Amino acid sequence: MGAGRPKAELVLKDTERDQLSVWARRRKTAQALALRSRIVLACSSGAENKAVAAELKVTKQTVCKWRGRFLQLRLDGLLDAPRPGAPRTIDDARVDAVIAKTLETQPMNASHWSTRTMAKEARLSQTAVSRIWRAFGLQPHRQETFKLSTDPLFVEKTRDIVGLYIDPPVKAMVLCVDEESQIQALDRTQPILPLAPGVAERRTHDDERHGTTTLFAALEIAIGKVIGELHGRHRSSEFLKFLRTIEASVPTDLDLHLVMDNDGTHKTPAMRSWFARHPRFHVHFTPASASWLKQAERWFASLTEKQIRRGTHRSTRQLEDAIRSYLALNNAEPKPFVWTKPADAILASIERFCLRISSSPH
C-alpha cells in the first residue's frame, strides 16, 4: 500500500514561532486560537498528522485543516474569518487591553473590577465589558478558597488511600471513618409557611436551639452502607465505643482498613493501645488538610442537605430519630461513591496547580 500523498514541509520563521508560542500560552488568548497554535507548533517538529492528533486529542482532519491553512496563509490563516453582520466597533487591541487590565491590575478604590469601573476605565459601555468578560470566562466578583496540604508524607498517604479506594485488598473491608460533631437540633421561632404554586417555602431567619449530638459514621467504600452511632459528646471514649460497634458489625474473617483523619480523638495513647490489641484493624491516616480524600465527608454532605438543613427538630431526640431514619433508608438501598481518579493523575494535577500559584503575585 502506498504511503499517501507527501505533505508539504512546514517550516517556521523565528518570528512565527515566537507568536505561536505566545498564543499557545497566554491565558487571555481565545482557546480556539491557542489550540490551532499548538497544532502548528507540533507539526513544525516533523510529527505526522496522526501523531499530532493523538497528542492534542483532536481529529486528524482538524490537524490537516489547520496545517493547510497555515501553509497557505501563514499566521493569518489561524485567525477566524470575518463574519457577516454589523462592523465591529471595538477592535482586538481594545479587547486585549480590557482583558489584560482585568487580569493584571485592580482599581484604586476596590479589591476587584466591576463592569461599571472597568467600563469607565476603558471608555466602553458596561454592556461591552460584560460581553468581553463573558466571552473569556472572567468573573472578578467571584473567588474560591483552597488549601494545599503541607504534610511531609502527603504523596505516600495519598497513594495509599487512593489505592484502597480503587483496588481494595482481598478478604478485607475498607471503611472511611469520620465524625460530625455539634449537629444542632434547630426549630424556627415561628411556623413555616409551606410551598405553594408560585411561592417558595418561607421560614424565619432566626431559630431556637435545642441541644446538639455527634454522629460517628463508617462508610463501607465497596457498597455504600454506613455503620452509624450517635453520642452526646465527641471524645476518644465515645470513639472507642464506636470502634467496638464496628468490630461487632463486621464478620471476624475480614480485616478492617480504616481511612480517617488526624483528629486528636484518633491518636490518644488509649486508641494506639486498642489498635495494637486488635491486629485486624489497619489504620490509614489522611494527609493534613486533605479532607477531600475522605468519602465519608461526601456522605455527611448528603445527610445535611437531605435531612438536617431544612429539618425542624424540637429536641435532640427528634434530631437523632431523623438521622437514624436516614441511615436506615441509606442502608436499605446503598449506593457507593465511585472513585475514578488514580493517584498519579491527582498528584500531577496538584503539581500543575503548585506551578501556577508559585508564579502568581501574593
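This is a walk through the structure, stop by stop, with something to select at each one.

**Before you start**

You're looking at a predicted model, in which local features need pLDDT of at least 70 and side-chain atom pairs count only at pLDDT 80 or more, while totals for chains, interfaces and linings use all residues. Residues are numbered from 1 along each chain as its sequence is written, and side-chain values use heavy atoms, with hydrogens and water left out.

Helices (H or I, at least four residues) and strands (E, at least two) are DSSP runs, numbered from the N terminus.

**Stop 1: the annotated span**

Select residues 174-319. UniProt lists this stretch as "domain: Tc1-like transposase DDE", in an unreviewed entry. UniProt positions are given in the numbering used here, feature names are shortened, and annotations may be inferred rather than shown by experiment. The span is 28% helix and 32% strand, and its end C-alpha atoms lie 28 Å apart.

**Stop 2: strands E1, E2 and E3**

Show E1 (172-188), E2 (207-220) and E3 (226-231) as a cartoon. Two strands pair if DSSP finds at least two bridges between them. E1 and E2 pair in the antiparallel sense, over 11 bridges. To see where they line up, pick glutamate 179, which stands opposite phenylalanine 216 in E2.

Now move across to E3. E2 and E3 also run antiparallel, joined by 6 bridges, and here threonine 214 stands opposite histidine 231 in E3. Follow the hairpin of E2 and E3 round its 5 residues between the strands, and you'll meet glycine 224, which takes a positive phi near 90 degrees. While the side chains are on, remember that in a regular strand they alternate between the two faces of the sheet.

**Stop 3: the cores**

A nonpolar core is a set of buried Ala, Val, Leu, Ile, Met, Phe, Trp, Tyr and Cys residues joined through side-chain atoms within 4.5 Å. Buried means under 20% relative accessible area, exposed over 50%, and partly exposed in between (1.4 Å probe, protein chains only).

Which residues have the most contacts inside the largest nonpolar core? Select Leu215, Val259, Trp299, Leu303 and Ile323; the core has 30 residues. Among the elements that give two or more residues to this core are helix H8 (154-166), helix H11 (295-308), helix H12 (316-332) and helix H13 (343-358).

Zoom in on leucine 303. Leaving aside neighbours within four places in sequence, leucine 303 is in contact (heavy atoms within 4.5 Å) with Leu215, Ile308 and Tyr326. A second, separate core of 20 residues includes Ile227, Ile246, Val250 and Leu254.

**Stop 4: isoleucine 161**

Hop to isoleucine 161, in helix H8. Isoleucine 161 is buried, with a relative accessible area of 0%. Not counting residues up to four places away in sequence, isoleucine 161 touches Val259, His284, Phe285, Thr286, Pro287 and Leu293. Draw a C-alpha to C-alpha line to histidine 284: the two are 7.0 Å apart in space and 123 residues apart in sequence.

**Stop 5: helix H10**

Select residues 269-277, helix H10, and colour the buried residues Met271, Trp274 and Phe275. Seen down the axis of H10, these buried residues fall within an arc of 95 degrees, so they line one face of the helix; the arc is that of the directions from the helix axis to the C-beta atoms. What covers them includes helix H9 (236-249), strand E4 (255-260) and strand E5 (281-285). Turn to the face away from the buried side and you'll find the exposed residues Pro269, Arg272, Ala276 and Arg277.

**Stop 6: salt bridges**

How many salt bridges are there? The count comes to 14, taking a side-chain nitrogen of Lys or Arg within 4 Å of a carboxyl oxygen of Asp or Glu.

Begin with glutamate 121 and lysine 101, whose side chains meet at 3.6 Å, N to O. Glutamate 121 lies in helix H6 and lysine 101 in helix H5, so the pair ties together parts that are 20 residues apart in sequence.

Next, select arginine 314 and aspartate 187, a salt bridge at 3.3 Å, N to O. This pair links distant parts of the chain, 127 residues apart: the loop between H11 and H12, and strand E1. Arginine 314 is exposed at 59% relative accessibility, whereas aspartate 187 is buried at 10%.

Finish at glutamate 297 and lysine 294, with their closest N and O atoms 3.1 Å apart. Add Asp178 and Asp261 to the selection: salt bridges that share partners join Asp178, Asp261, Lys294 and Glu297 into one network.
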